[in-house]
Amino acid sequence: MKILLLPGDGIGPEIMNEAKKILKSLQEIKNIPLELDEALFGGAAIDATGQAYPAETKTKVANANAILLAAIGGPKWDALPQNQKPEKGLLELRKDLEAFANLRPVKTFPALAHSSTLKPEVIQDVDLLVVRELIGGIYFGNPRGELIGAKESTYVNTASYALSEIERILVVACEQAMKRKKILCSVDKANVLEVSQFWRTIASKLVKERYPEIQLFHMYVDNAAMQLIRNPRQFDVIVTSNLFGDILSDEASMLTGSIGLLPSASLGDGSRPFLYEPIHGSAPDLAGQNKANPLAMILSVAMMLRHSFKLKDEAASLELAVDRVLEAGYRTADLGLASVEMTLSTSQMGSRVDEEFRKILGA
């Protein structure tokens, strides 16, 4: 089982170190043959090679069974042309992997009921999944960029989806819904966007014909943004386009109390490795201070164990370890509401989770 680690930039190397602890414990205790390798990616790769996604990294990606990415980007590279920035490398990586389905689970921890800015009674028992289309839509559509006219330039980004792109993300969402409560919300902007009208038509037809057990409802994206705050428990699985999914899942992260708690998995058709990463950014203001929350990175490892390697028990054990550490009162600074003695650094939180994980595994 070959896992390629991409530490990236900012807090990336720090939180990746905590993921390594978990993987090494798994190797040691369960004797699972995990082969770990690392590669340059993002801003660190630009500094070393001039490219965010260099050829050597592409070769390692092709040879891996799963990719674990920490975080990329930062102000240091903001002045670069758009097609040379770290984020361009991430879009290329997702495209290379044909990782069209991004799964972003949002589950509140009872121990963190008071860490959210929302009332505890609003976020209690929230357990939803955002299924975001990842390699189409406005982030990839053409034409894009500057269109030079006779009088002035126009800047364009194109939101486009083919029938096959919509169908395959809907199938993933439906399969996930079938494992859960069989409730699916398709989010669009069909009142004003033709591409959304097409999306809605295909969603209705596909669910009716192939997944009649699923309760499907549609919601405009602006209403969905409001409803996630007003009554998040009404949602089970949300499926939506690239741009809308990016925004809504970041909003939903605040239901849990911190964006530092949310992992993600980016899946394709199985012919190429899957990609796992926390949904937060590189937090350059925290880099090198050992203050970042590593839990989203650790929970991304759990998603990798479950989806890429079918190690469901081990994944559940890791999630339980995180839950127990939080129940015991330990926090990183972003979660607040803890005494100085219970507020942990990045490495301390990672070690606490690793210690609990080893106990659960029987070490």
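Two strands count as paired where DSSP finds at least two bridges between them. With that criterion in hand, the tour of this predicted model can begin at one such pair.

**Stop 1: β8 and β10**

Select residues 183-188, strand β8, together with residues 237-240, strand β10; the two run parallel and are joined by three bridges. Within this pair, Cys185 stands opposite Ile238 of β10. Add helix α7, residues 194-210, which packs on the sheet and touches β5 (127-133), β8, β9 and β10. The direction of α7 makes about 170° with that of β9.

Stay on β8 and centre the view on Ser186, which is in that strand. Is Ser186 buried or exposed? Its relative accessibility is 0%, so Ser186 counts as buried. Apart from neighbours within four places in sequence, the contacts of Ser186 are Trp199, Ala203, Leu216, Phe217, His218, Met219 and Val239.

**Stop 2: the whole sheet**

Now select every strand of the sheet to which these belong. Ten strands form an open sheet with mixed pairing, and their order is β2-β1-β3-β12-β11-β4-β5-β10-β8-β9. Its edges are β2 (35-38) and β9 (215-220), each of which pairs on one side only. On average, neighbouring strands are turned by 20° against each other, direction ignored.

Next, display helix α1, residues 12-30. This helix lies across β1 (2-8), β2, β3 (66-71) and β12 (274-278). Relative to β1, helix α1 runs at about 155°.

**Stop 3: β5 and its two partners**

Select β5 next. Six of its seven residues are buried, so β5 is largely enclosed by the rest of the structure. Toward β4, the pairing is antiparallel and consists of seven bridges; here Leu103 stands opposite Val131 of β5. Toward β10, the pairing is parallel and consists of four bridges. Leu129 has Val237 as its bridge partner in β10.

While the side chains of the strands are on display, one general point may help in reading them. In a regular strand, side chains alternate between the two faces of the sheet.

**Stop 4: the largest pocket**

Turn on a surface or pocket representation. The largest pocket has a volume of about 960 Å³. Of its 32 lining residues, those closest to the centre are Pro105, Met303, Arg306, His307 and Glu319, and these five make a convenient selection for centring the view.

Which elements each supply at least two residues of the lining? They are β4 (101-107), β5, α6 (163-178), β11 (263-267), α10 (295-307) and α11 (312-327). Helix α10 gives the largest share, five residues.

**Stop 5: the cysteines**

Select Cys174 and Cys185 and show their sulfur atoms. How many disulfides does the model contain? The count comes to zero. For Cys174, the nearest cysteine sulfur is that of Cys185, 12 Å away. The cut-off for a disulfide is a sulfur pair within 2.5 Å, so the 12 Å between the sulfur of Cys185 and its closest counterpart, in Cys174, is too far for a bond. Both residues can then be coloured by accessibility: Cys174 is buried, with a relative accessible area of 0%, and Cys185 counts as buried at 1%.

**Stop 6: backbone details**

Three places merit a backbone view.

- Select Asn142 and Pro143: the peptide bond between them is cis, with omega near 5°. Pro143 is found in strand β6, residues 141-148.
- Select Asp125, in the loop between α5 (120-123) and β5. Its phi is near 65°, a positive value in a residue other than glycine. Asp125 is exposed, with a relative accessible area of 61%.
- Select Ala283, in the loop between β12 and α10. Here too phi is positive in a residue other than glycine, at a value near 40°. Ala283 is partly exposed, with a relative accessible area of 22%.

**Stop 7: helix α12**

Finish with Lys359, in helix α12, residues 346-361. Is Lys359 buried or exposed? At 52% relative accessibility, Lys359 counts as exposed, because the threshold for that class is over 50%. Add Ser317 to the selection and draw the C-alpha to C-alpha distance: Lys359 and Ser317 are 9.6 Å apart in space and 42 residues apart in sequence.

Notes
Residues are numbered from 1 along each chain as its sequence is written. This is a predicted model: local features need pLDDT of at least 70, side-chain atom pairs count only at pLDDT 80 or more; totals for chains, interfaces and linings use all residues. Side-chain values use heavy atoms; hydrogens and water are left out. Axes are lines fitted to C-alpha atoms, for helices over the stretch in contact, and angles run from 0 to 180 degrees between N-to-C directions. Contact means heavy atoms within 4.5 Å. Buried means under 20% relative accessible area, exposed over 50%, partly exposed in between (1.4 Å probe, protein chains only). On a 1 Å grid over the protein atoms alone, a cavity is a set of points where a 1.4 Å probe fits but cannot get out, and a pocket is an open set with protein on both sides within 12 Å along at least five of seven lines; lining residues have an atom within 4 Å of a point. Grid points are joined across faces, edges and corners, and a volume is the space filled by probe spheres set on the points.
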